[in-house]
Amino acid sequence: MFGKTIKSNPRLPNSLEGTGKAYVQESRPEEAVPYFQRSLELQPDSAKTHFQLGQAYLKTGQRAKAQKEIAEAGRLQAQVRKKLEQNVAGKAPAPQIRGEQP
């Protein structure tokens with residue numbers, strides 16, 4: 001399913017991420033990693049994708065890389081949370097949020 005979408009438009013981060021998730025669900029995390037990495041090249045501020053890449057790294061035994069990606073996901077989530085709090089308090093314009101939740 002995702003293969004067709006990626007072939008028709010390889011610049012869709014959500015399709016790349018979805019393909020990575022499918023590989024992880026099929027117990028093929030090593031094949032998921034390049035899809036998550038490519039998605040992050042196109043959308044580097046995706047906390048969700050950083051988290052999923054971290055999970056794939058964990059499943060392939062790459063603990064240092066996993067920790068780095070999961071920490072980045074947490075950092076990005078904290079940024080979004082702070083922007084939302086500022087917005088609610090009326091101190092900042094509405095943030096650009098893509099609905100990502102790790």
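Q: Is the crossing in which α2 passes α4 left-handed or right-handed?
A: α2 passes α4 in a left-handed crossing. The model described here is a predicted one.

Q: What makes α2 roughly parallel to α4?
A: The axes of the two helices cross at roughly 30 degrees and come within 11 Å. Angles under 35 degrees count as roughly parallel, so α2 is roughly parallel to α4.

Q: Which residues make the contact between α2 and α4?
A: On α2, E17, K21 and V24 make the contact, and on α4 the partners are K48, T49, Q52, A56 and K59.

Q: Why are α3 and α4 called roughly antiparallel?
A: The axes of α3 and α4 cross at roughly 155 degrees. The cut-off for roughly antiparallel is an angle over 145 degrees, and therefore α3 and α4 are given that description. Their axes come within 9 Å. The contact is formed by P29, V33, F36, Q37, S39 and L40 from α3, together with T49, H50, Q52, L53, A56, Y57 and K59 from α4.

Q: In which hand does α3 pass α4, left or right?
A: The crossing of α3 past α4 is left-handed.

Q: Why are both an angle and a distance given when two packed helices are described?
A: Two packed helices are described by the angle between their axes and by the distance between those axes, so both values are quoted.

Q: How do you know that the span of α4 agrees with its number of residues?
A: The 13 residues of α4 should span 18 Å at 1.5 Å a residue, and the end C-alpha atoms are 19 Å apart, so the two values agree. Helix α4 covers residues 47–59.

Q: Which residues of α4 are buried, and which helices are among those that cover them?
A: The buried residues are A47, T49, H50, Q52, L53, G54, A56 and Y57. Their cover includes α2, α3 and α5.

Q: Why does A56 count as buried?
A: Buried means under 20% relative accessible area. A56 has 0% relative accessibility, so A56 is buried.

Q: What is A56 in contact with, beyond its neighbours within four places in sequence?
A: A56 is in contact with V24, P29, V33 and F36. Of these, V24 is 32 residues from A56 along the chain, and the C-alpha atoms of the pair are separated by 6.7 Å.

Q: What makes S39 a buried residue?
A: S39, in helix α3, has 2% relative accessibility. The limit for buried is under 20%, so S39 meets the condition. Leaving out neighbours within four places in sequence, S39 is in contact with P13, L16, E17 and T49.

Q: Why is G74 called partly exposed?
A: Partly exposed lies between the buried limit, under 20%, and the exposed limit, over 50%. The relative accessible area of G74 is 38%, so G74 is partly exposed. G74 lies in helix α5. The C-alpha atoms of G74 and F51 are 8.1 Å apart, with their positions 23 residues apart in sequence.

Q: How does the reach of α5 compare with the expected value?
A: Helix α5, residues 63–88, has 26 residues and reaches 37 Å from its first C-alpha to its last, close to the expected 38 Å. The buried residues in α5 are A66, E69, A73, L76 and Q77. They pack against α3 and α4.

Q: What reach does α2 have, and which of its residues are buried?
A: Helix α2, residues 13–25, reaches 18 Å, close to the 18 Å expected for its 13 residues. P13, S15, L16, E17, G18, T19, G20, Y23 and V24 are buried there.

Q: Which residues take a positive phi after α2, α4 and α5?
A: S27, just after α2, has a phi of about 60 degrees. G61, just after α4, has one of about 80 degrees. G90, which follows α5, has a phi near 75 degrees.

Q: How many helices and strands does the protein chain have?
A: The protein chain has five helices and zero strands. Of its 102 residues, 32% are buried. The chain exposes about 6600 Å², with 51% supplied by carbon and sulfur atoms.

Key:
Residues are numbered from 1 along each chain as its sequence is written. This is a predicted model: local features need pLDDT of at least 70, side-chain atom pairs count only at pLDDT 80 or more; totals for chains, interfaces and linings use all residues. Side-chain values use heavy atoms; hydrogens and water are left out. Helices (H or I, at least four residues) and strands (E, at least two) are DSSP runs, numbered from the N terminus. Buried means under 20% relative accessible area, exposed over 50%, partly exposed in between (1.4 Å probe, protein chains only). Accessible areas come from the Shrake-Rupley method with a 1.4 Å probe; for residues, only the protein chains shown count as cover. Contact means heavy atoms within 4.5 Å. The expected span of a helix is 1.5 Å times one less than its number of residues. Axes are lines fitted to C-alpha atoms, for helices over the stretch in contact, and angles run from 0 to 180 degrees between N-to-C directions. Angles under 35 degrees count as roughly parallel, over 145 as roughly antiparallel, 65 to 115 as roughly perpendicular and the rest as oblique. A crossing is left-handed if the near helix is turned anticlockwise from the far one by less than a right angle, and right-handed if clockwise.
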